[in-house]
Amino acid sequence: QVQVVESGGGLVQAGGSLNLSCTASGLSFATYAMAWFRQAPGKEREGVSCISRSGRPTYYLDSVKGRFTISRDNVQNTLFLQMTTLKPEDTAMYYCAAGPTVSINGCTESMNAYNTWGQGTQVTVSS
């Protein structure tokens with residue numbers, strides 16, 4: 001069964017930090033580009049960051065640049081998102097997504113490129 005499962009969400013005060021994880025199973029993790037998306041109530045889902053097969057991050061949403069760091073461990077089949085200096089506007093359900101790709105060093109923030117999605121983990125930042 002192909003799946004990705006997120007963890008690490010929670011409630012944090014503004015200025016705090018959270019570390020999200022996403023564990024993949026049933027797929028060749030090292031051949032997939034990976035990404036984090038988020039969706040706040042009443043808003044469209046948006047790409048937060050993506051990382052290529054090689055581990056080279058190639059996209060961050062402008063509003064999270066300098067605060068969030070994406071990384072991956074191709075041995076542990078795990079994707080990470082370190083979030084610091086969190087703001088109330090970061091409050092959302094965060095989703096992990098996996099997309100097969102032949103590109104070693106590329107990824108995209110387009111949802112269409114990802115065919116495996118997790119159920120999400122809630123991040124709530126209080127002011």
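Which side chains along strand E1 (residues 3-7) point to one face and are buried, and which point to the other and are not? Before selecting anything, note that this is a predicted model, in which local features need pLDDT of at least 70 and side-chain atom pairs count only at pLDDT 80 or more, while totals for chains, interfaces and linings use all residues. Residues are numbered from 1 along each chain as its sequence is written, and side-chain values use heavy atoms, with hydrogens and water left out.

Select E1, where Val4 and Glu6 point to one face and are buried, whereas Gln3, Val5 and Ser7 point to the other and are not. Buried means under 20% relative accessible area, exposed over 50%, and partly exposed in between (1.4 Å probe, protein chains only). Strands are DSSP runs of at least two residues, numbered from the N terminus.

Next, add strand E3 (residues 18-25), which pairs with E1 in the antiparallel sense over 5 bridges; two strands pair if DSSP finds at least two bridges between them. Within E3, threonine 23 is the bridge partner of valine 5.

Step back to valine 2, in the segment before E1, which is partly exposed at a relative accessible area of 42%. Leucine 27 lies 25 residues from valine 2 in sequence, yet their C-alpha atoms are 5.9 Å apart.

Finally, select threonine 121 in strand E11 (residues 121-126), which is buried with a relative accessible area of 10%. Its side chain reaches the backbone nitrogen of glycine 9 at 3.1 Å.

Key. Helices (H or I, at least four residues) and strands (E, at least two) are DSSP runs, numbered from the N terminus. A polar contact is a pair of N or O atoms within 3.5 Å; within protein, one must be able to donate a hydrogen and the other to accept it, and residues adjacent in sequence count only if both atoms are side-chain atoms.
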